[in-house]
Structure formats: structure tokens, C-alpha cells
Amino acid sequence: MSTPTLEQVQAALETVNDPEIKRPITELRMVESVDIAADGVVSVTVLLTVAGCPMKDTITRDVSAAVERVPGVARVELTLGVMSPEQRGELGETLRGGQAQREIPFAQPGSLTKVYAIASGKGGVGKSSVTVNLALALAKQGLKVGVVDADIYGHSVPAMLGVADSRPTQVDDLIMPVPTPSGVSVISIGMLKPRRDQVVAWRGPMLDRALVQMLADVYWGDLDVLLLDLPPGTGDVAISLGQHLPNAEVLVVTTPQEAAAEVAERAGTMASMMHQRVVGVVENMSFLPCPHCAEAGTEHRLEIFGSGGGERVAATLSQRFGYDVPVLGAIPIDISLREGGDAGKPIVESDPTAPAALELSAIAATLSGRGRGLAGMQLGLTPSSRF
Ligand code: ADP
């Protein structure tokens, strides 16, 4: 077989994306040199963004696999180097696209990324579980999805996505979101702490800085959807988010319980006070399908947490805001949903035909059906009064 050409190897390298930045390594100027010997041995030197890059195994595997596929390649010899501070600076510049720093891309007038904040009145209703499963279901539909875990109390999202101990890589002064096995990128407020077990009393201005950092200093690339897991309640994060991302839309998660519904209504009202639109209500832990009846071929729903909470929140918010706030779905209690979260493999991936997974996927389909783009965005206009 003839010796491969430089063009062929170059074309193969162009198919390899940096796992964090999700752009071709050639475009990011990570390929330092390519050398093709007459016997078909191809030597490639790739520069990692930082020493000890957590993604170096993935890059090694992907580069080797891509170059090995080129006809005539006998062997690939890959050398990994590290970018110099100047090269990192240039890369940071490329990624920012010459833009001034500390601008939130999703808040720019032309942004086509749909931003959904997932809110709840209180903790433990399944807000984070809903967030990660919606993220995965949207990614399965082929959308590019990012998740910001802004829940200062829980920050359980990375663990649910299977990247509990990962820390983000920094390129110049840009932070790379952590890629997850499912293709969704995530950044968590927990990752901004020096250590995972450290306790930080997040306060107003500090929280605001953390939120801006997660939105502006993180290189998100061109996302179709950004999901934000908010802390429960109506606190500082909701206010900061309203100020920095008034175009974010809000999804309220509640359980069927009367008391949960009441606090969920408040979380929804908070969003409206911040001029954000509430797109709908998700009722979680709606019922437990009785396993004995299912075995006998009949359906019997055990309403462990009562019933009607989702409908009640939707009706109250619709009346309060004067537009339709629908119930987007009712998710049953399912042990595999809990297990999937604990194991870092959300149910839409680990058990996609389970009723809870199907319901979550249907909610994701409703959201993606709303499309990408500016539609639905509030314009921040107050109608003038009529005389
Ligand atoms: P929140 O983010 O509102 O605090 P989580 O998503 O962390 O809530 O959920 C709290 C606990 O309940 C987790 O252990 C999660 O796995 C479990 N859970 C959530 N929804 C369900 C469900 N529909 N069926 C079974 N377990 C659930």
C-alpha cells in the first residue's frame, strides 16, 4: 500500500474534537507536528491545553483511532506536549472570538440558546433529577446541551451525571465545562470550591460572582439548550439569575403534595417578578405504580404524596400571570430513577423504556419542540396603559 499523504492525515486529524472544547484539535492549533515515514509510521505531536489534562486518554485514543483509519498507515506514534502560556493565551483569544471578557453569551440579543432554569419551592422534590434527565433526553435528540448546577445546598448534578470528582480545566482565563459520558457538558458551583468536601457559606455578592463566572467565564461553545439547576426557594440565586439572564425561562418542579405546591407557586412567582417566563410545571413523584397490581396485569396508582399539586401550581400561576402555564408531565416514583441518579447514569439512559424515563423524554420533546431561537423570549417591554 502507498504511503499516506499529509493531506490525508490532516483530514483525519480534523475529525478529532477536543473533548472539552468540542472543536477540532486542528482548528485549536493543538497539532504541533505530523511526520510521515516511508514505512507508513505516522508521528503526531499534540499539545494539551494544560499539563495533566484530565482528557489526555480520550485525546490519545481519538487521535490514534482517526489516524489509524487512513489507508497505508502502519502505526501511529503519538507524543503529547503541553501548550506554552502564549499558546494558551492565543487559544483563549480564539475561543472568546475576540470578545471582551465577562460577557454572558446567553444574555446577548442574538443568542439562540434556549435557557431553562429548573426551580422548586423546597428541596428533595426531584429538581436535580429532573434537570439531569431532561439534559440527557435533549442530548439524545441531537441537541448540544450544557448544565449549570447552581444549587448551593445540593450540588448533586455532577454525581448524577457520572462526573462527581471531575474538576474543570482552565485555558487562559476561560474555564472548560466538564464533559460527561452522555455528551452533556456541566459546571457546578461545587467545582468552584477548592475541595469538594469544603463547606462554603454562599452569600449574595459571592453567589452572584459565582453565577456570573459559571455563565461568562466558562467556554460553553454554541449550545442549543442550557439548563440551570437552581437552589430550592426564592433566594439570592433566583434574583441574580433574573438580573443576568432575564431571558431565561423557568420550569417549576413540585410534588403532588399541598404544602409542596404552595411553595412551588412562590418559586414560580419569583421568576415572574424577575420578568422570566414560566414555561410549565413538572409534577414529580406523582404516584407509585402498585407492583403487585402490575404483576396481575392491572394498573393501580398509589398516591403516596397525595394528588393534584402539579395541576394546582399550573392553575394558580396561569391565573396570576395571565398566560397559560401548563403541566408538562407527571413523573411516577421509580426505584430505578433513584438508582440511576446514585450511579451517575440517569434513568433516561439506564432504563429508557421505564414509564418515568418516557415521561421525562416526553417533557424534553415538548421543550425542544419549542425550538431554538428568539421565539418566546420576553422583550422586557411594559405595555403602556390605555386611556
Ligand atoms: P432536589 O434536587 O429537589 O433536592 P433530587 O433530584 O436530589 O431533589 O431528589 C431527591 C431524592 O429523590 C434523590 O435521591 C432522587 O434520586 C430521588 N427521586 C427523585 N425523583 C424520584 C422519582 N420520581 N422516583 C424515585 N426517586 C426519586
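This report covers a mixed sheet, a helix packed on it and the nonpolar cores of a predicted model.

## Basis

The model is predicted: local features need pLDDT of at least 70, side-chain atom pairs count only at pLDDT 80 or more, and totals for chains, interfaces and linings use all residues. Residues are numbered from 1 along each chain as its sequence is written, and side-chain values use heavy atoms, with hydrogens and water left out.

## The sheet

Eight strands form an open sheet with mixed pairing, in the order β8-β9-β5-β10-β4-β11-β12-β15. Strands (E, at least two residues) and helices (H or I, at least four) are DSSP runs numbered from the N terminus, and two strands pair if DSSP finds at least two bridges between them. β8 (178-179) and β15 (327-331) stand at the edges with a single partner strand each, so one side of each has no neighbour in the sheet.

Strand β5 (residues 145-149) runs parallel to strand β10 (residues 225-229), joined by five bridges; V148 has L228 of β10 as its bridge partner.

## Strand β11

β11 (residues 249-254) pairs in the parallel sense with β4 (residues 114-120) over five bridges and with β12 (residues 277-284) over six. Y116 stands opposite E249 of β11, and L251 stands opposite G280 of β12.

In a regular strand the side chains alternate between the two faces of the sheet. In β11, E249, L251 and V253 lie on one side and V250, V252 and T254 on the other, and all are buried (under 20% relative accessible area, 1.4 Å probe, protein chains only).

## Helix α4

Helix α4 (residues 127-140) lies across β4, β5, β10, β11, β12 and β15, and runs at about 170° to β10. Angles run from 0 to 180 degrees between N-to-C directions, and axes are lines fitted to C-alpha atoms, for helices over the stretch in contact.

The axes of α4 and helix α13 (residues 355-369) come within 9 Å and cross at roughly 65°. On the α4 side the contact (heavy atoms within 4.5 Å) is made by V130, N133, L134, A137 and L138, and on the α13 side by L360, S361, I363, A364, L367 and S368.

## Nonpolar cores

A nonpolar core is a set of buried Ala, Val, Leu, Ile, Met, Phe, Trp, Tyr and Cys residues joined through side-chain atoms within 4.5 Å. The largest has 81 residues, of which F106, L134, V148, L226, L228, L245 and V278 touch the most other members. Its largest share, eight residues, comes from α4.

Leaving aside neighbours within four places in sequence, L245 contacts I104, F106, A107, V115, L215, L228 and Q276. Another core, of 30 residues, lies apart from the largest one and includes V9, M30, V46 and L95.

Conventions
Buried means under 20% relative accessible area, exposed over 50%, partly exposed in between (1.4 Å probe, protein chains only).
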